[in-house]
Structures are given as structure tokens and as C-alpha cells.
Amino acid sequence: MDFNTLAFPCFFAAAALLYYCLPRVLRPALLLAASYLFYLWNPQNRALAGVLLGATLVTWLCGLALGRLANPWLRRAVLAVGCVFCLGGLFYFKYYNFFGQLLGGSGFVALKLAAPLGLSYFSFQSLGYVIDCYRGKYPPVKNPIHYALFVSFFPCIFTGPIEHADHLIPQFSGKGRPWVNYDDISGGAFRMLWGYFKKMVLADHLAVFVKAYYSGAIAAGGPTQLLAAALFSLQLYFDFSGCCDIAIGGARLFGIRLLENFDNPFLATSYNDLWKRWHKSLTGWFREYLYFSLGGSRCPVWRWALNFMAVFVFSGLWHGAAVEYLWWGILCGVLVLAERLPQRLKKEFSSAAGGKHAPAAASAPTPAKPAAGGRQLRTAAAHRTGQARSHAAPAAAKESSVLPTIGRFALNWLLRIVVFLEFSFCFIFFAASLYQAKDPAGCYTVLLSGWNAAGLLAARTALELNGFTGALAKVLVVGSLAVFAVESRGNVADWIRRQWFIIRWPLYLLLAAALLFFGVFGQSAFIYQLY
Amino acid sequence: MLKKIFRVFQFLLAPFKLALIVLPFITLMVYTNYRIDCSGLFQGDLTIRTIVELMQADKAISGFSQMDQRAVNDLYIKLMPEDQIPDTVAVGSSRVMQITNQVAGGSFYNAGVTGSDYKDVMNSFYLLEKYEKLPKRLLIGVDPWVFRSDAIDRRTDLELFEEFLSVSMGKPSDYVKPEPSDAYKFWDAAVQKYTDGKASLTTLNITDETLPALFDPAYFQGNLLHYQAQQASDSAITEDGQVIPYREVAEQELQTIDEEVKMPDGTVWYASSFRNAGLDEVLIAAMGQAGTFLYMVGYPQLETAQCALFEEFIDHVQSRGVEVVFFLSPYHPFVYQHVYHNDVADHAGFFEVEPYLRAYAAQKGIPVVGSYDPEALGLTEEDFFDGLHVRSSGIEKYFGGFDPSGSILPGTEVDGTAPLATARSPLAGD
């Protein structure tokens, strides 16, 4: 069942109604049943339900075993079982054919494999749990229903956010929460509506042009390519963050807070900063379980750089088994490294001169995570830090306090534009792979051609021919700006609850009307559902 | 405590607030999808709907030869207002389609279709029955090929015929009555309850298959786009934005227009070149038609199974309280002469039809108007458009229409009541 089908709101309403009719103790069981119903709704998943069940059972047993065992070798063996099971399934379904063709050449016989939806998400989520148990960050979960629900919780099973057991599972019991919280219901419902608006009104209309361009229906040229790349960045943001809004809003309707996945990424003033704000749950996962495992930044510069690159390379491959994703990961890694390396080298030299130790966790590619035991506090802390970051002046501006206010403002926006273009430039590989462009590398060379009046006119004509005219064009521009403006104020669900009735209700109606009049229905799945 | 009560109150109020946001949009969507209906799911195909709307507005429409006449009939009968059900409905082929409102008199609709076979005749009646628009009287244009089982027009709605056999006649057929889904039953019950049984989904032309389209936002957007495009266009347009090729024909244009026109009473007004053809041209056409003798070549004897089916059909019509009148449309004198004198054995069945029909009609007390033999009706070559189609003026010679009491009036050329004459038959001496 997709979020953007008519079946989902009906299913969701029924689940929510039942949820609030049941005593707290039975609610996790209901959510588990609803999650499996949601998962098995898709015929493709029915045949592969064993993968989800297997991942749940094996990692739960691994967690229990790790909680009891003291022998380090036995603990390592259990960890290995968990890793092999989670990564093995992921490798078999997603990468077997890719690596087979890459290494086996023409003699390789590809298998017809259809991966279960959400495989990348629940595999990482359950693997993270096993690693946390191995590290002793928290005691293993004994309640099988709570654990199974953690792995399969339906709002986030297909597209994340990738959760942490110590953050999500304590919320299932509902302890410390009122029986019903109207703010959660109202705010959650609004956030879902907000997500639908971003996905079905903004992203799906932007996709028309982007898809037409990369599939070759629009003549290639520098301005058109740049436009396609920029619009793809916006499309991807609205699509993925819209999906996360629906997931987070849906979970909030049940009184459960999920991790935030985005923090105004296009307000970042450096490329590194952008990656701290984009798909935070995945980058956080890689940072915690890969980057730190490889040694993080507590190592020589060359190894630190390699660790850094490893995160981006694996992140690229996580998105899809294709060479373009690999190149995309490398390109992003190189750009971030190019930004970070001078700082690191400067610190190395200064520490060598002053005899100080190089900074460790603070130089990780993503923001430092709050202490593991924080649980509920972590969300609040994350929100706080997120909001603080949104409102705080960017680092570059802080440093240049000599500049007058207007100059700082202009510089920040200039930096944001540069970062946005940088991001769009990298995502050309991503878009080319997603829409199966014939010559992904050629898209980059095209960028340099056709910069004349005819090329600009062609870009404009292509835009108009793909629906960017009349009322729709206005809705897209105003809608996009409104989304960025509102999201820069912090959590949307909290923001709407702070508004007056006379602002709230027209906004509800406006969003609902925009969905009905301009929404794209039943035509495309969420992009990140593919991964 | 108060806080708790307030919290519960807020929670209970939430669904109503949600309904307040959602319901106006759902209502707008359902209304638009039903009323504009650019794919013709509820109101009928846009092209057909345009024709029917013009007919209902008493307008003549161009492009008759391109029309799906069966679909037009279906929708026309479906949308016919209860208080405008005609007293008399004519069914049959193009050979009855010159029986106009003026000829028949009273309230009349001609449901004839070009190339009508026996299945079409029965289908036309079934539409009247299915949509509960039964007239007082059914004027059946009985062409001789009605008694030929293999004389089937490619345009005939075979599925509808199977449905007729199964639903109306209770005969075994391939038709399987669809079982409505639970959703359909639920909404049907709701509509009936809301309207005190005066309306149902069926009367609103909503089927089990089309019901989801009412709640389809994509269909809503399509309807809005169609509405916008229609407002910007001078002509009626299809769902794809193509101009519908049927237009209103003014009364003064009828005499000169050189294409076939569908008249509001269901009849056809032929193209001026066809209407004004000279006797020689008519004769040439008749000679051609005599040679092929539509559907009747290779018909050595009357099919008894077809006669039985026909009789069952007539019994069924009468059982529904509808009076039956047989109408035999004459052939051009040359055609009749030709088949009378040439190769009779090959189409001997043709000459058995009229005697059989008259005998059956006499037995059942059914009036018979006309004859296949033009001589028996006193018609000459001037009364024909071609070998098969008689002019309205020719019809008026032997059929004066119905008086207000329903009695058949005599024609202008003959004295007495129908039937007036018996056809000549080369088989008479056998």
C-alpha cells in the first residue's frame, strides 16, 4: 500500500480509530497487526514476507543472546550472525546481479530478483539494533511484539526515517503520555496533509519536466540541463521530505515521535552543512555504525579521508545497485572532503605546532548524536538543536562579523545558492540513474553547451510544454516558497498548533483544495521507496 | 478532572473537524464527476450525449451516417423524461425510418436503426423495458430478414441481446448477471434511504464499475480541464479536445444539406442529392439492390426456429401491456418484380414471410400495416428513394397514422383500414 493511494487514508483512519479505542497494553499489538497488513497489502511483499519475519526473529534472538553472553568471541560470533543475515539479504536481493555483472563480465547469468519493499530500511534498522546490543548501549528488547513493531512499524517501513531502538521502542508502551493528546492528533494530521501537498502537488509536477528531460523527450542543452538538475533537487526534496512528513505525522497521530530526517537542507551555507541536514537518519546510521567503526577522525589524515569517502561510497550504493549511484557517492564525498580537508589540515598543523590532539567526534561528517541513554530526551534535544541551527546565523556569517548585516545576509544567500547548485550538480548522476538516461556522463558535458539566447529560449519552451504555465506554474512557485518559509520556522506540526484559528483553518482548506485541484493522483510512487 | 474532560471532548470533536475540511471537497468532487463526466461514465459518451441533448431540444443533427445509432437510441431512451414517454415507438431498420412524427401522429419516437436485424428489433424493445420507458404501442418494422437467423448486422449489440434473452425472456444465454459489490449495495441503500426510495444508484445511471469514478480526484481534475476547454471552445468537444462532428441543422438548411440528418423524432432526413434523385437514378439504385436483395439471397424457406423466437418475443411484448402493430415496408416495384420473376427457389423463403406474418397477426389480433409488394399498396416508382426505402409521402398513401384513441387511420390513396392488400407471391399456386 502506498501513502499516495486512496486506500491508505482509509486504512490509516481505521487503524487510528481502533488504536484510540483500545487500552494501552493492546495498542502495540494492533499497530503490529496494522503494520503487517500494510506491508502485505502489496502482492510483491506477500511472497517475501519471510525476509521481514526472518530479519525480525534473527536480530531479536541475536539481541537476547548478546544480552546474556559475556565471552567476547561468542559475542562477536553472534554479531557476525546478525550482520550476515541482515546484510546478506540486502546483498542478495539488491546487489547480487550488480556485482555479478561488474565482476563476472559477460558470462554472468543474472537472477530475476524482486527485492521486498523497504528492505534497505528494515535491514539497517535491525542491524543497528544488533550492533547497539553488541556495544552494550542499551539492554536487549525482551518483548517480541515491541521488537517486531520496531522493525515493521508501518509509517516508516518503506521510506524511513531509519529509527533507533532506544528511541522508538520505549514509546510503544505509551507510559508517561496522556491517553490522548489532541495536539499530537491535530499536528500529526496537519503534517500528513503537508507531506501530501509536497509530494502530490509540488514533487509530482516537477517530476514531469525532469522525467521528460532525462528520458530524452526534451532536447539537451546547457540551460535546460541546469534547469532539470535544479528542478530535480527540488523534486527530490519535496518527494522525500513529503514522504517523511506523512510518516512522521502518521506516527505522531498515534502519539509516537519519529526522528526528523530533514532540517532545511537548502538553507545550508556549506556543502558539508547540507549533508548534516539531508536524510539525517541515514547519514546518522552510517556515521554511527560505519564511520566510527572504521576509526572516525581519530586517525591519520589519509585514513580519515578514506573513512569519509567510504561513508559516501556506501551511501551511494545504498541508494541503488548502479554505477551512477557509485559515482554520485564519490562526487559528493570529494566535494565535502574538499571543503573539510583544509580545515582538518589546518588543525593538524596547529596541533602539531601546539602539541594538541586533533578533534575527534566533532569532525564527523554528520552532527554529533546525543548520548545513547537519552531516549525521549534525544528527540527534544534534536528538535532543539535543529531549531537552533535553523535560526542561528550560519558559521560563515558568524566568523565574518566585520561584515555589515546586509553584506552578511547577501553573502549567506550567495553561499546557499552555490551550495544548492553544487548539490544539483552532484545529483545529475542520481537523476540520470533514476530516470535511466542513456548517457549519464554526457549530461555533465551538455552543461557547457548551448549558453546562448536560443538555448535559454529552448529551456523556457520546454518548461512551458511540460505544464509550467498558468495557474499550475503559480501554484508551484508560491507553494515551494511557502514550504521553505514555513519549514524554516521549525517543526511544521508544532508550528501549526501555535497559529491562530483564523490562520490554521484557511491553511487546512487551502492545502486540501490544492491537493484536490492540483494533486497528481495514482501515478507515481515515492522515489525513496525504490531504495 | 476538567482538563481530562476537555481533552476527551477535543478528541471526540476531531472527526467532525476533519469532516468539516474534507466533506465540502468530496461533495464538490462527486458533483463535478457526475455532472461534467467527460468520459461519459454516468451521463453517456460525450459525443452521444451531445446528439441526445440536441434531439431532446428538438433539433436536427448533422452527420447521421457517422453516428453510432444504437448508442444514441440507448442513451436517448435512458434519458427520456418520464412524462415524455411517447405513445408509439417504432423499431426496425432504416426501412421504417421515414415514419415521421407527422406520419404516425400523436407522440411518437422512431427507434429504428440502420441495418437492424432481429436482435436489434428485440434490443430496441429491451431498452424501453430496461429503462422502464415502455410506450403504449410498439410499431414493429418487420423486415423479411427478421426470420433469418444468420442475417446479423456487424453493429448489433450482441451482449445486450444476451442480456435481453436472459433477463426479460428467461431463456438460457451467455449473459451473467453481475453481483453488485458490498460498496455498491451500501451506497445504493444510502441513496434510496436519503431519497425515500425515489432514486437509486441504478436510476442515477451509476453502476458498480463506475461508482469509484465518482470519488476519483484524477477524474475530477480531468472534468475541470474538460469544462475549461469546453468554455473556451465554440463547439462541443470530446474528452480529448476534439471537436464533436455533429451540429445542429437549421430547418431552412434541411432542403439543401447534402448529408444525412438525424431528426429529433429519431427518423433520418436523407441528403439532398439522394432525396432529389431522378427516377432514372432511383431505378439504377433499385436494379443494383434487386441483384443483391439484401439478406434474402440463399433463403429457400422460412426458418421455423426464428418464427418461434419471434412469436415468443411478441408474446413477451404483449405481456408487458404494450400493443403491437406490424409494419411491412414495401420494396421498389422493380425489385419486387425482379425477385418475383427470377430465381424464385433461391429466395422462396421471402415469399413465405408475409403470408405467415398475416396469419400469425390474424391469430393474435395484431394489426398489419403495409406489404412488401408495392403494387398491393398502390405505390409507384415515384414513391421510393431507392430499391429499399420508401418516401414518407409513399408511406402516407397506405398509412394515415394513429388517431388519439390509438386506431390506425387509412392512407390517402386507399379507402378502408389496414391491412389493405395481400402481396403477390410466385408460390401462390404451389
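I began with the secondary structure of chain A and counted 22 helices and zero strands. I noted that the model is a predicted one.

I then looked up burial. Of the 531 residues in chain A, 43% are buried.

Next I checked how contacts are spread along the sequence of chain A. Taking contacts between residues at least 6 apart in sequence, I found that 76% join residues at least 24 apart.

I turned to the domains. The domain assignment splits chain A into domain 1, with segments 7-103 and 115-179, and domain 2, covering 185-523.

I asked how many residues of the two domains of chain A are in contact. On the domain 1 side there are 26, and they meet 24 residues of domain 2. I listed the elements of domain 1 that give two or more residues to this side: helices H1 (7-21), H5 (72-104), H6 (119-135) and H8 (165-172) of chain A. Sorted by class, the domain 1 side holds 14 nonpolar residues, along with seven polar and five charged.

Last, I went to the contact between the chains. Here 13 residues of chain A touch 12 residues of chain B. Which elements of chain A give two or more residues to the side that touches chain B? I found helix H9 (182-214) and helix H22 (501-518) of chain A. The largest share of that side is from H22(A), with six residues. I also sorted the chain A side by class: 11 residues are nonpolar, two are polar and none is charged.

Conventions
Residues numbered from 1 in each chain as written. Chains lettered and ligands numbered in written order. Predicted model: local features only at pLDDT ≥ 70, side-chain atom pairs only at ≥ 80, totals over all residues. Domains from an automatic or database assignment. Contact = placed C-beta atoms within 7 Å. Helix = DSSP H or I, 4+ residues; strand = E, 2+ residues; numbered from the N terminus. Nonpolar A, V, L, I, M, F, W, Y, C, P; charged D, E, K, R; others polar. Buried ≥ 20, exposed ≤ 12 C-beta atoms within 10 Å, placed from the backbone.
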